[in-house]
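Please look at the sequence and the model shown here, and let the paragraphs that follow lead you through them step by step.

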Amino acid sequence: MKYISYLFLGLASTILVIVFSLSSCAPNRQSVTSTPQPQEIIANTANPTVKIVDFKYLPENLDIAAGDTVQFVNQDEEPHTVTAKDGSFNSKGLDNAQVWKHTFTQPGTFPYLCSIHPYMKGTITVNKSKK
Ligand SMILES: [Cu+2]
């Protein structure tokens with residue numbers, strides 16, 4: 001009698017595993033197709049971009065070529081500025097979702113900060129144009 005009950009248990013668990021794997025198949029496929037693709041959004045931006053998020057410039061250090069236009073996007077609710085330490089550029093106050101663009105024509109290293117929150121710092125490194 002013991003062997004028969006073991007057989008039943010084995011059969012029942014096998015059927016359970018099959019039923020579970022079948023029922024989980026369909027929903028899994030749906031969730032894969034509905035997954036958003038944030039990488040495409042990043043690839044769509046033509047200009048090198050510095051995001052301002054949580055009182056930080058992202059990326060903090062950005063390498064570009066002379067002639068490139070960098071766009072700065074403030075994603076914070078707080079206003080921020082993009083102000084060069086050498087005074088060569090100044091965005092003035094950027095509100096939430098506001099974009100400010102600046103074209104860097106001269107090679108060099110350009111540290112900048114937020115004049116409202118001076119602990120916020122970033123650097124743009126402008127390399128010689130390839131042309
Ligand atoms: Cu700021």
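Read from the beginning of the sequence to its end, the protein follows the pattern α-α-α-β-β-β-β-β-β-β-β, and its secondary structure comes to three helices and eight strands. The model is a predicted one, and what is said below should be read with that in mind. Of the 131 residues of the protein, 15% count as buried. Among the contacts that join residues at least 6 apart in sequence, 48% are between residues at least 24 apart.

How are the strands arranged? Four of them form an open sheet, in which the order is β2-β1-β4-β6 and the pairing is mixed. The edges of this sheet are taken by β2, residues 56-58, and β6, residues 99-103, and because each of these has a single partner strand, one side of each is left without a neighbour in the sheet. On average, and with direction ignored, neighbouring strands of this sheet are turned by 20° against each other.

It is a general rule that strands of a sheet pair through backbone hydrogen bonds, either parallel or antiparallel. Here, strand β1, which covers residues 49-53, and strand β4, which covers residues 69-74, pair in the parallel sense over four bridges. To find a place where this can be followed residue by residue, look at Ile 52, which stands opposite Asn 74 in β4.

The loops deserve a separate look, with one general expectation as background: most residues other than glycine have a negative phi, and most peptide bonds are trans. Which residues depart from the expectation for phi? One of them is Phe 55, which has a positive phi of about 60° although it is not a glycine, and which lies in the loop between β1 and β2. With 13 other C-beta atoms within 10 Å, Phe 55 is above the limit of 12 or fewer for an exposed residue and below the 20 or more needed for a buried one, so it counts as partly exposed.

Lys 92, too, is not a glycine and has a positive phi, here of about 65°, and its place is in the loop between β5, residues 83-84, and β6. Because Lys 92 has 10 C-beta neighbours inside 10 Å, it counts as exposed.

The peptide bonds offer a further departure, since the one from Leu 58 to Pro 59 is cis, with omega near -5°. Pro 59 itself is found in the loop between β2 and β3, the latter strand covering residues 61-65.

Conventions
Residues are numbered from 1 along each chain as its sequence is written. This is a predicted model: local features need pLDDT of at least 70, side-chain atom pairs count only at pLDDT 80 or more; totals for chains, interfaces and linings use all residues. Two strands pair if DSSP finds at least two bridges between them. Helices (H or I, at least four residues) and strands (E, at least two) are DSSP runs, numbered from the N terminus. Axes are lines fitted to C-alpha atoms, for helices over the stretch in contact, and angles run from 0 to 180 degrees between N-to-C directions. Two residues are in contact if their C-beta atoms, placed from the backbone, lie within 7 Å.
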